[in-house]
Amino acid sequence: MTTQTLKRHPIRGFIWGLIFGLGLGLLLMVLSIVPLSIPTLAMYTGVTAVLGVVWGMVGPAKKPKGPAPASTPLAPPPAEPMAGDSAPEYD
């Protein structure tokens, strides 16, 4: 039986955290919920990027797509004589 390792993606989480944080910060500024300033935008982007990395490291991992690779035996099993077969006779 083969075991598959779960893949985690902290870099992907960082990138999506940056994109989400930038969008969230701009949305909050446009809707006048937070004051319009570069430090505020950088704060939202940085915090969500760190949260994305954390989610990529400890969040639920996905199983690899596709079937598990077939395991091949190292050596074929020894041949056993079938019932009723006798050992070969040599003259």
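**Two helices seen from Leu18**

Leu18 counts as partly exposed because its relative accessibility is 32%, a value between the limit of under 20% for buried residues and that of over 50% for exposed ones. The model in which this residue is seen is a predicted one. Leu18 belongs to helix α1, which runs over residues 10-30, and offers a convenient point of entry, with contacts on one hand and a surface patch on the other.

The contacts of Leu18 come first. When neighbours within four places in sequence are set aside, Leu18 is in contact with Thr45 and Ala49. Ala49 stands 31 residues away from Leu18 along the chain, yet the C-alpha atoms of the two residues are separated by 4.8 Å. Ala49 is also one of the buried residues of α2, as is Thr45. Leu18 contributes to the surface as well: together with Ile11, Phe14, Ile15, Trp16 and Ile19, Leu18 makes a nonpolar surface patch of about 610 Å².

The setting of these residues can now be described. The protein chain contains two helices and zero strands. Of its 91 residues, 16% are buried. The chain exposes about 8000 Å², and carbon and sulfur atoms supply 71% of that area. Among contacts with a separation of 6 or more, 70% are between residues 24 or more positions apart.

Helix α1 may be considered next. Its 21 residues should span 30 Å at 1.5 Å a residue, and the C-alpha atoms at its ends are 30 Å apart, so the expected and computed values agree. Seen down the axis of α1, the buried residues fall within an arc of 115°, and they therefore line one face of the helix. The residues concerned are Gly13, Gly17, Gly21, Gly25, Leu28 and Met29. The face turned away from this buried side carries the exposed residues Trp16, Phe20 and Val30. Trp16 also appears among the residues of the nonpolar patch. What, then, covers the buried residues of α1? The cover includes α2.

Before α2 is reached, the chain passes through a loop. Ser32 lies in this loop, between α1 and α2, the latter comprising residues 38-58. Just after α1, Ser32 takes a positive phi of about 60°. Most residues other than glycine have a negative phi. The positive value at Ser32 occurs in a residue other than glycine. Is Ser32 buried or exposed? Its relative accessibility is 61%, and Ser32 therefore counts as exposed.

Helix α2 has 21 residues and reaches 30 Å from its first C-alpha to its last, close to the 30 Å expected at 1.5 Å a residue. Viewed down the axis of α2, its buried residues fall within an arc of 165°, so they line one face of this helix. Those residues are Thr40, Leu41, Thr45, Thr48, Ala49, Gly52 and Gly56. On the other side of α2, the residues Pro39, Val50, Leu51 and Val58 are exposed. The buried residues of α2 pack against α1, while α2 in turn is part of what covers the buried residues of α1.

Two residues of α2 show this packing in detail. Thr40 lies in helix α2 and counts as buried because its relative accessibility is 14%, which falls under the 20% limit. Beyond its neighbours within four places in sequence, Thr40 is in contact with Met29, Val34 and Pro35. Of these partners, Met29 is listed among the buried residues of α1.

Leu41 likewise lies in helix α2. With a relative accessibility of 16%, Leu41 also counts as buried because that value is under 20%. Which residues does Leu41 touch, when those up to four places away in sequence are not counted? They are Leu22, Gly25, Leu26 and Met29. Gly25 and Met29 are both buried residues of α1. Leu28 is another buried residue of that helix; Leu41 and Leu28 are 13 residues apart in sequence, and their C-alpha atoms are 9.2 Å apart in space.

The path through the structure thus returns to its two helices. The buried residues of α2 pack against α1, and Leu18 of α1 is in contact with Thr45 and Ala49.

Note on methods: Residues are numbered from 1 along each chain as its sequence is written. This is a predicted model: local features need pLDDT of at least 70, side-chain atom pairs count only at pLDDT 80 or more; totals for chains, interfaces and linings use all residues. Side-chain values use heavy atoms; hydrogens and water are left out. Patches are made of residues with over 30% relative accessible area and no salt bridge: like charges are joined within 9 Å, nonpolar side chains (Val, Leu, Ile, Met, Phe, Trp, Tyr) within 5 Å. Accessible areas come from the Shrake-Rupley method with a 1.4 Å probe; for residues, only the protein chains shown count as cover. A salt bridge is a side-chain nitrogen of Lys or Arg within 4 Å of a carboxyl oxygen of Asp or Glu. Helices (H or I, at least four residues) and strands (E, at least two) are DSSP runs, numbered from the N terminus. Buried means under 20% relative accessible area, exposed over 50%, partly exposed in between (1.4 Å probe, protein chains only). The expected span of a helix is 1.5 Å times one less than its number of residues. The arc is that of the directions from the helix axis to the C-beta atoms. Contact means heavy atoms within 4.5 Å.
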